[in-house]
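Work through the exercises below with the sequence and the structure at hand. Each task is followed by its solution.

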Amino acid sequence: MTNRKNKYYNENMVIIYFLDGLLFGGVGLATFLQIRRGGEFSLAKHLPWLAAFGFIAAISAWVDMFLVSETSPDTTHVLVFMGLIFQPISGVLLLIFGWQILTRLTPLPSWGIFVPGILIVPIAYAITFAATTFVTPSPIKIPIDIWSRYLLYLPGSMLAGIGFLRLWRDQKKAGLYDISRLMLGAGLAFIFEAFIVGLVVPAAPYGPSSYYNYDRTLINAFTGEKPGSQAVFGLNAWLDYDSVLAVTGLPIQIWRLISAAIVVYFIVRSLDVFEAIRKRQLAQLEMQRDQAEHAILVSQITARETAESWSDALVNISRHIVDMDNMDQILLYILENTRILLKSNYIAIALFNDKTELLETKYLANRFISRIVDPPFSNVHPAIIKAFHARQSLRINEFSSIENIESLCPFETFQPQKVMIIPISLDASPIGVMWIARESLSDYSDTDLIWLECMADQVVIAVKHGLMTAQLQSLSVVQERGRIAREMHDGLAQVLGYLNVQVQTLEAFRRKENWSRLDQEMQKMRQAIQQAQADVRENILSLRTTLANEGGLIQAIMEYLDEFGIQTGIEVSFDNQAGEDLGLSSIAEVQLVCILQESLTNVRKHAHAKKVSLKIRRHQQGGESAIRMSVDDDGIGFIPQLNKRNFGLQTMRERAQSVNGFLVVSSNPVKGSRVDCILPCVTHEQIPDNTYPSTRKSSEILIHPSLEDHRS
Amino acid sequence: MINLREWALPIYTILMELAAGVMFLIWIARSLLSVKLGKQEFDRAIQKTLWIILLTITTSLAGAHFHLSRPWHSFFAVLNIKDSWLSREILFSLIFLILTVILCWLQLRKPQLFGFKSAVGWLAISMASATIYSMSRIYELPTQPVWVSTSTISTFFFSTILLGLMATPALLVMDLRYSELRGAEHARTQTLLLRNLYPWLVSTAIIVTAITIIHGLQQMKLFSQSTNPIIEASFQLLTQFYSILLSLRYFSVIAGVLLMVLSVIYHNKHDLPYNWFLVPSYLACLLVMIGEILGRFLFYALHVRIGL
């Protein structure tokens, strides 16, 4: 029966070897194609060895196929030689693939370093033993076949099997069950392959598995023992080709074919995994790309919004400065905007007091309020003083080396976590410090520091403008005093000259004893003196008014009106509906007072009025406001072209225009005159267009609609 | 042709020589470098190497039993210590084993006893040397004329030193790599040890290999000139039947030492870390070991006197 089976299988061995080669060639081709497609799976790097093994194993199997078919002796020699070459080469490739699968795909434990060291002696002995068997009397093909299987196929398949099993464990842990099942199948298939291909070897006169199963007519080449003797330690041949056929009914070649088919199946299926992984990676990449694009867009928008916010803040600050607004208001505006833009809880400015030689906190802003510290707070934190003297910006993101952190933010209860301190210098001289603090744990970035320094520059500009404005105001006052002094001088000089002539005239009339003419001239003189006296009193009053009034503008105006009424006897009424703070710039306030003085002078000199009323109103239009001052009298009015007031009106108009305002003068010979002075407030509120035109020519005089109402 | 059962002898002799050679070289290095590198640090750096030496001795003694038909009777052999080199060999190898155990124990429990450990180590080396000497004297058998020569003794010692020279760097590099993976502090000491030791090991390996080859060739020349028919027959067997194995034996040793030399040159040229030596030193050690095992095989299989 066994012989019949042997004969049957021997006749069909060509087909078996052909299929064997086809399978290995197929796996080589499939692996090669996968290599060309690429992939990010960790197995991908080691596929070249698998592909090479597949191709060489296929060639080796087909060499065996040609050997079992009838060939000429020369061809047989060539085929045998090819078999001797390709079989160990395929074993080496499998060993390399197995080694890489085991050691490179998943990290080995650190003690694994010593395993090759421990195995060096058995490996050396195995190689040496293999070398010695080549001198035994057997065809060279047999030791090459046997030792290729023992030393290359067996360890290579075992390593590959263990490597795939470790991959199975890792993929299972990662939740990739489809891949893990394939890895398990591949691992078990390789271990089966190790047994079938690596452990079952042809008969030979040396162990370990094919003991005494060589041609039993010969003596054992090692021991010299005759066949039939017992093997060492009672081992008989149990794992050779004959015993496999006897036990299983199938020759070892079919088992190897089955083993190859199983390995190929799992390898090819594992390669399919690449496609799934590629799709997954592609989808992931697309998602990441979309997320990245969205993140870029969001960050661009955020950056643009931030830049716009800062630009708006800087533009508004510049506008306030240009409008010569109050310096304190500008600084508070800067502080509040900076605090909001830098997402902070607290910001303050301390300025250096030359008299006390101390830094004094004068301005601060927090989440609830921005205010002037009055009186200034001189207990400034040493870190701030240090930054001031060192003239160096400081960013504190960690406070381990700083004591008394709470005093960095006086009047606050929160604990600052991050602080920036910027020294402020004007014309290379330090004048103060600005610092900002936040409670959150996010650090101040380099960009934040740059922005804060930019704001510190705005503080410097605001302070400079404040100084210039004060100088301008002083200069205006000085100029006004000069003008008044000149007027007094000119007026008095004229009057004194007139009186001198009049005295001579009086003397002439006295000599002529023309007593009636004498009385007339004396009356004229009296009037002139009274006029001069009134002018001087008015000039003195003007001088006093243009001096800085501690009570403010409205108080100064009220005092002026009272004094005017006393001096002139004209009934004066004052109606202020704009509040104590008119919101005008300092220069505008000076000009307003001068226009008022000129108007009242005109009333006193020319109007012959009994009553004069002063009204101050505030107009709002489109977010901008203006102050409208109206001086009404019930005098005789005037005709502009014929009136000697023209030059004074021109002066008043120029004063108004110099502070971006305008003047409207209306007069009715019966009802009296009205002077309206409209000056813009610091917030640029426009006057309603239906009330006044936006521009006025210097010679233009309008009939004021409200005057029409007044007259009616 | 050697009986398969007799493969236990090459296993025993090679492993014992390996253990003795590594122990000898490590202890010389300890004497010369421990002050420079730090005594405690040096002992910590060679701790695993000592354990591997102990494991090697144990394996060799266990393997030696397989060549006896009744292994459990081996212990009675020590009773014949006055007359038998085999008894002396077993006794000395057992003492070597015990001293190595003591040394490993001292390293674990009493690391501060540097001087005492030094003494134990040198005693162990002397026992190892006695073992190798006894091992070689066993083969002074009147029935085996090719073995009866002082060359047998010298060959065994040359083999001991050569195996020690190749196995020591491989072990130290493996230990260094392990220490680096574990983040151990003594990795630095191991690196310094290798830096100091490696050039000397390579130079000495070249010299010993040259001496071994020259010695072997001299003996072959003596054999060729001998009139003793047994020696003549052995010489013919060696140069004809086992010529391939003989060539392979020398080729393997030379290839191993050459690989070591080239790896040192490459390492110095590219300024690589010392753990790079892992693969080259392992392969070099494997090649030399194959050559020495082949030489021992030929010694036993052909009853040729010198260590071919």
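The exercises on this predicted model deal with chain A and then with the largest pocket.

**Exercise 1.** Describe the make-up of chain A: its secondary structure, its burial and its contacts.

Solution.
- Step 1: Chain A contains 17 helices and 11 strands.
- Step 2: Of the 712 residues in chain A, 46% are buried.
- Step 3: About 36600 Å² of chain A is exposed, and 58% of this comes from carbon and sulfur atoms.
- Step 4: Take the contacts in chain A between residues at least 6 apart in sequence; 69% of them join residues at least 24 apart.

**Exercise 2.** Decide whether Cys409(A) and Cys677(A) are buried or exposed.

Solution.
- Step 1: The cut-off for buried is under 20% relative accessible area.
- Step 2: Cys409(A) has a relative accessible area of 1%, so Cys409(A) is buried.
- Step 3: Cys677(A) has a relative accessible area of 0%, so Cys677(A) is buried.
- Step 4: The disulfide count over all chains is zero.

**Exercise 3.** Characterise the largest pocket and the residues that line it.

Solution.
- Step 1: The volume of the largest pocket is about 2000 Å³.
- Step 2: Its lining has 47 residues, and those nearest the centre are Trp99(A), Pro116(A), Ile123(A), Leu159(A) and Tyr282(B).
- Step 3: At least two lining residues each come from H4 (73-104), H5 (114-133) and H6 (141-173) of chain A, and from H6 (150-182) and H10 (278-302) of chain B.
- Step 4: H6(A) gives the most, with 11 residues.
- Step 5: By type, the lining of the largest pocket has 38 nonpolar, six polar and three charged residues.

Terms used: Residues numbered from 1 in each chain as written. Chains lettered and ligands numbered in written order. Predicted model: local features only at pLDDT ≥ 70, side-chain atom pairs only at ≥ 80, totals over all residues. Heavy atoms only, no water. 1 Å grid on protein atoms, 1.4 Å probe; cavity = no way out; pocket = protein on both sides within 12 Å on 5 of 7 lines; lining within 4 Å. Points joined across faces, edges and corners; volume = space filled by probe spheres on them. Helix = DSSP H or I, 4+ residues; strand = E, 2+ residues; numbered from the N terminus. Nonpolar A, V, L, I, M, F, W, Y, C, P; charged D, E, K, R; others polar. Disulfide = S-S within 2.5 Å. Buried < 20%, exposed > 50% of the residue type's maximum accessible area, 1.4 Å probe, protein only. Contact = heavy atoms within 4.5 Å. Areas by Shrake-Rupley, 256 points an atom, 1.4 Å probe, with all protein chains shown as cover.
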